[in-house]
Amino acid sequence: MPELPEVESLKNSLAPLVMGRTIVRVKVTEPRLRRRLAPGFAAQVAGRRIERLGRRAKYLLMMLGADGVLMIHLGMSGSLTHRENGFIHESLNPAHDHVEFELDDGSRMIYNDPRRFGLMKVVEPRLLAVTIELKRLGPEPMSEDFNADYLRRKARGRKAAIKNLLMDQQVVAGIGNIYASEILFRAGVRPTRRAGLLRRAEIEKIVQFTPAVLREAIGNGGTTFNDYMDGRGRQGAFRPQVYDREGQPCPRCTRPLRQVIVGQRSSFFCSACQR
Ligand SMILES: [Zn+2]
């Protein structure tokens, strides 16, 4: 499932290709995503100029003209790829191309989503912060609002595992299973530790390594496990150090990495390097 670095990489790869272009036509082949596309969706988007691309948590934001923002969430398996006129991508299955945006230079953006857990909707810019998907999100993990004092306050008295706290979108936005495992490995903290019992120094390490891990992933175009690709159809090149590597040697001490289920999700850690 795409997390913050994948959506940021999607944004970075799409921006130079589509910014300033006008969407001339929208073809919806399958409106039944996680929620059904609004009946007027195509009309809301067609004729609008893509002014700027942004991101909040795992949502890609496309500023359309002055009075609309197109919010896109990739769900489990979604992709939004730009195709030049005549482009054919052999690895894509066109049966799952659900929405096509034709741009004024003849190129297209194609939304493909085999499992259809994605989401697409247009909101007014002034209502963006209070729209249902965004209004309860915690701070961005690469912003100054996500600091040791903040995380300590959120962790205080919590019996939940620290990994679950990092994946709680109301605590901090955009982190999922892959990066929560990576951050905790770098910080030397076991994913199962009770959040409320962490020491100050451990909280500080988690807060310090969070942006470091995310920036490193963004620099590598994110992580591809199943089907993530960026706006040019490229896979992510980030290689997790612990995620999905049970039994393989810890990159720091070479002991075999272990797997544990935390909050119904697989977590990966080193029993020697993480306490
Ligand atoms: Zn180790």
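**Notebook: two domains and the core between them**

I began with the distance between the domains: the C-alpha centres of domain 1 and domain 2 are 28 Å apart. The model I am reading is a predicted one. I took the bounds from the domain assignment, which places domain 1 at 4-130 and domain 2 at 148-269.

*Contact between the domains.* I looked up which residues take part: 17 come from domain 1 and 21 from domain 2. On the side of domain 1 that touches domain 2, α1 (4-18) and β5 (79-83) each supply at least two residues. α1 gives the largest share of that side, nine residues. By class, I noted seven nonpolar, seven polar and three charged residues on this side of domain 1.

*The sheet beneath α1.* I next asked what α1 lies across; the answer is β5, β6 and β7, with α1 running at about 30° to β5. I then traced an open sheet of four strands, ordered β1-β6-β7-β5 with antiparallel pairing. β1 (23-28) and β5 are the edge strands and have a single partner each, so one side of each lacks a neighbour in the sheet. From one strand to the next I recorded an average twist of 15°. Within this sheet, β6 (residues 97-103) pairs with β7 (residues 108-112) in the antiparallel sense through five bridges. I also noted E102 opposite R108 in β7.

*Strand β3 and its partners.* I turned to β3 (residues 59-64), where five of the six residues are buried; the strand is therefore largely enclosed by the rest of the structure. β3 pairs antiparallel with β2 (residues 50-56) over six bridges, and six bridges also join β3 to the antiparallel strand β4 (residues 68-73). For the register I recorded L53 opposite M62 in β3 and M63 opposite V69 in β4.

I checked both hairpins for positive phi. The hairpin of β2 and β3 has two residues between its strands, and A57 takes a positive phi near 55° there. The hairpin of β3 and β4 has three residues between its strands, with G65 in the turn at a positive phi of about 55°.

*The core.* Where does the largest nonpolar core lie with respect to the two domains? Domain 1 and domain 2 both give residues to this core, so it lies between them. I listed 66 residues in it, and those with the most contacts inside it are L60, M62, I162, L166, Y179, I183 and L184. Leaving aside residues up to four places away in sequence, I found that M62 touches I50, L53, V69 and L70.

How values were computed. Residues numbered from 1 in each chain as written. Predicted model: local features only at pLDDT ≥ 70, side-chain atom pairs only at ≥ 80, totals over all residues. Domains from an automatic or database assignment. Contact = placed C-beta atoms within 7 Å. Nonpolar A, V, L, I, M, F, W, Y, C, P; charged D, E, K, R; others polar. Pairing = 2+ DSSP bridges. Axes fitted to C-alpha atoms, helices over the stretch in contact; angles between N-to-C directions. Core = buried A, V, L, I, M, F, W, Y, C linked by C-beta atoms within 7 Å. Buried ≥ 20, exposed ≤ 12 C-beta atoms within 10 Å, placed from the backbone.
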